[in-house]
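Q: Please take a close look at one part of this structure and explain, step by step, how its charged side chains are placed relative to the strands around them.

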Amino acid sequence: MTTDINPYIERSTNTVYVPIKFISEGLGESVSWNSPTLEVTIKSKNGTIVRLTVGSKVAYVNDEEKLMPSAPDMPEYPNRVMVPLRFVSEVLGATVITTTIWNITC
């Protein structure tokens, strides 16, 4: 999968952020946006419904409140909702594997 917007890391929580459409649609789920409330809703094929609000660490997974390490963000540029990769992936049933890449130049 590729995206035209670069992911970024929030250093204070070591959280990787990706565009919501990139991760959700990449996993085959549908996404809707409620502009007045700044809320994103993800509906999965297996019936899971995830609601996230920009600026809030509280998420609702099938109406059950869950606390995220970091809140979704909507930077002025690229003006897209960016979400914590691990949280969204895992509540949708995906596995996130963390690796360390060493780049040594001699």
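**An arginine and its partners**

A: In this predicted model, Arg51 has a relative accessible area of 24% and is therefore partly exposed, since that class lies between the limit for buried, under 20%, and the limit for exposed, over 50%. Arg51 belongs to strand S5, and one of its partners is Asp63, which lies in the loop between S6 and S7; the two residues are twelve residues apart, so the pair links distant parts of the chain. The contact between Asp63 and Arg51 is a salt bridge, with the closest N and O atoms 3.4 Å apart. With a relative accessible area of 65%, Asp63 is exposed.

Arg51 also meets the side chain of Glu39 in a salt bridge, at 3.4 Å from N to O. Here too distant parts of the chain are linked: Glu39 is in strand S4 (residues 39-43) and Arg51 is in strand S5, twelve residues apart. Glu39 has a relative accessibility of 18% and thus counts as buried. Taken together, Glu39, Arg51 and Asp63 are linked in a network of salt bridges.

The strands that carry part of this network belong to an open sheet. Five strands form this sheet in the order S3-S4-S5-S6-S7, with antiparallel pairing. Strand S3 (30-34) and strand S7 (64-67) stand at the edges; each has a single partner strand, so one side of each is left without a neighbour in the sheet. From one strand to the next, the twist averages 25 degrees.

Within the sheet, strand S5 (residues 49-53) pairs with strand S6 (residues 58-61) in the antiparallel sense over three bridges. Val50 has Val61 in S6 as its bridge partner.

For context, a search of the whole structure finds six salt bridges. One of them joins Asp4 to Arg80, with the closest N and O atoms 2.8 Å apart. This pair links distant parts of the chain, as Asp4 lies in the segment before strand S1 (8-10) and Arg80 in the loop between S7 and strand S8 (82-84), 76 residues apart. Asp4, at 59% relative accessibility, counts as exposed, whereas Arg80, at 34%, counts as partly exposed.

Note on methods: Residues are numbered from 1 along each chain as its sequence is written. This is a predicted model: local features need pLDDT of at least 70, side-chain atom pairs count only at pLDDT 80 or more; totals for chains, interfaces and linings use all residues. Side-chain values use heavy atoms; hydrogens and water are left out. Two strands pair if DSSP finds at least two bridges between them. Helices (H or I, at least four residues) and strands (E, at least two) are DSSP runs, numbered from the N terminus. Axes are lines fitted to C-alpha atoms, for helices over the stretch in contact, and angles run from 0 to 180 degrees between N-to-C directions. A salt bridge is a side-chain nitrogen of Lys or Arg within 4 Å of a carboxyl oxygen of Asp or Glu. Buried means under 20% relative accessible area, exposed over 50%, partly exposed in between (1.4 Å probe, protein chains only).
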